[in-house]
Amino acid sequence: MSDTVLELKNASIFQGESLVLSDINLEVKKGDFVYLIGKTGSGKSSFMKTLYGDLKLTKGEGHIVDYDLLKLKEKEIPFLRRKLGIVFQDFKLLTDRTINDNLLFVLKATGWKDKAKMTERVASVLDKVDMKTKGFKFPHELSGGEQQRIAIARALLNDPELILADEPTGNLDPQTSIEVMEVLQEINKNGNTILMATHDYALLLKYPSKTLKCDDNKVFEVVQRKAN
Ligand SMILES: Nc1ncnc2c1ncn2[C@@H]1O[C@H](COP(=O)(O)OP(=O)(O)OP(=O)(O)O)[C@@H](O)[C@H]1O
């Protein structure tokens with residue numbers, strides 16, 4: 001079996017009629033940690049949206065976790081998203097319920113039925129982000145960094161083949177960003193594949209990894225120079 005989880009060939013990304021990125025070629029393999037960087041407005045979010053089916057791919061080829069982006073049907077999108085873990089800048093937790101209930105809500109919505117297994121799964125993902133004791137709290141009772149760790153736990157619930165994180169540290173101060181990044185690094189070490197859009201260059205320097213840059217309507221790999 002192939003260990004490629006994402007492959008784009010000569011793919012172009014549009015917002016309506018306007019071309020955002022053209023002729024993208026890239027391959028992400030199981031276990032990779034890949035950054036997507038670029039200035040505001042360079043197309044990072046449009047790129048991510050195309051990968052989770054929020055924007056249609058109309059030109060070129062794109063395969064993500066067994067789905068063909070060019071042929072992706074509206075009704076397949078929820079199933080594609082179950083194979084992806086998506087983390088946003090603004091956490092997107094449900095404010096009217098506890099952390100445990102936020103996570104149980106996702107499990108129910110994705111077809112889980114066995115109560116004992118659901119409780120066990122919630123405890124297991126909370127443990128992975130070091131938030132095991134916080135499940136009874138409401139989102140507003142947690143700091144930004146803690147809320148983002150919960151959002152990462154939520155992304156892990158269905159054992160995703162690829163985690164897409166769009167500016168996951170965008171709302172966090174530098175120290176908290178590092179704490180969230182440590183969690184993402186740990187998850188990656190345990191085998192999860194991560195594609196992370198960011199404009200936080202300090203994180204790139206501290207945690208070097210394969211880096212793609214959006215600039216001038218193109219995506220290209222940048223080679224980081226090691227400081228000596
Ligand atoms: N919903 C939309 N409709 C039309 N054009 C859009 C839409 N969203 C973004 N764009 C345009 O697409 C281009 C890329 O925007 P995008 O949000 O993907 O960039 P970005 O790199 O994620 O920026 P940021 O770091 O600010 O989030 C910009 O020129 C933007 O104006």
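Here is a walk through the structure, from its sheets to its core, its ligand shell and a few loop residues.

Keep in mind that this is a predicted model: local features need pLDDT of at least 70, side-chain atom pairs count only at pLDDT 80 or more, and totals for chains, interfaces and linings use all residues. Residues are numbered from 1 along each chain as its sequence is written.

Let's start with the sheets. Helices (H or I, at least four residues) and strands (E, at least two) are DSSP runs, numbered from the N terminus, and two strands count as paired if DSSP finds at least two bridges between them. One open sheet has six strands in the order S6-S7-S8-S3-S9-S10, with mixed pairing. S6 and S10 sit at its edges with a single partner strand each, so one side of each has no neighbour in the sheet. On average, neighbouring strands here are turned by 20 degrees against each other, direction ignored; axes are lines fitted to C-alpha atoms, for helices over the stretch in contact, and angles run from 0 to 180 degrees between N-to-C directions.

Begin at the S6 end. S6 and strand S7 (residues 162–166) run parallel and share four bridges, and Gly-85 has Ile-163 in S7 as its bridge partner. Further along the order, strand S3 (residues 33–37) pairs with strand S9 (residues 210–215), again in the parallel sense over four bridges. To find the register, look at Ile-37, which stands opposite Lys-213 in S9. S9 then joins strand S10 (residues 218–222) through five bridges, and this pair is antiparallel. Here Leu-212 stands opposite Glu-221 in S10. The hairpin of S9 and S10 has two residues between the strands, and Asp-216 in this hairpin takes a positive phi near 55 degrees. As background for reading any of these strands, side chains in a regular strand alternate between the two faces of the sheet.

The other open sheet to look at has four strands, ordered S2-S1-S4-S5, with antiparallel pairing. Its edge strands are strand S2 (18–29) and strand S5 (67–68), each pairing on one side only. Strand S4 (residues 59–64) and S5 are antiparallel and joined by two bridges, with His-63 opposite Asp-68 in S5.

Now for the helix that meets both sheets. H1 lies across strand S1 (4–15), S2 and S4, running at about 120 degrees to S1. H1 also lies across S3, S7, strand S8 (194–197) and S9, at about 150 degrees to S7.

H1 turns up again at the ligand. A residue belongs to the shell around the ligand if its C-beta atom, placed from the backbone, lies within 6 Å of it. That shell includes Gln-15, Val-20, Thr-40, Lys-44, Ser-45 and His-199. Helix H1 (residues 44–51) supplies the largest share of the shell, three residues. By class, the shell has one nonpolar residue, 10 polar and one charged; Ala, Val, Leu, Ile, Met, Phe, Trp, Tyr, Cys and Pro count as nonpolar, Asp, Glu, Lys and Arg as charged, and the others, Gly among them, as polar.

What about the core? A nonpolar core is a set of buried Ala, Val, Leu, Ile, Met, Phe, Trp, Tyr and Cys residues joined through C-beta atoms within 7 Å. A residue is buried if 20 or more other C-beta atoms lie within 10 Å of its own, exposed if 12 or fewer, and partly exposed in between. The largest core has 57 residues, and Leu-36, Leu-103 and Ala-153 touch the most other members. Helix H5 (residues 144–156) gives the most to this core, with six residues. Leaving out residues up to four places away in sequence, Ala-153 touches Leu-103, Val-125, Leu-126, Lys-128, Val-129 and Met-131, contact meaning C-beta atoms, placed from the backbone, within 7 Å.

Finally, some loops. Lys-92, between strand S6 (84–87) and helix H3 (99–109), has a positive phi near 55 degrees without being a glycine. Lys-92 is partly exposed, with 14 other C-beta atoms within 10 Å. Asp-130, in the loop between helix H4 (115–128) and H5, likewise is not a glycine and has a positive phi of about 65 degrees. Asp-130 counts as partly exposed because it has 15 C-beta neighbours inside 10 Å. Thr-110 lies in the loop between H3 and H4; Thr-110 and Arg-82 are 28 residues apart in sequence and 7.5 Å apart in space, C-alpha to C-alpha.

Conventions:
Contact = placed C-beta atoms within 7 Å.
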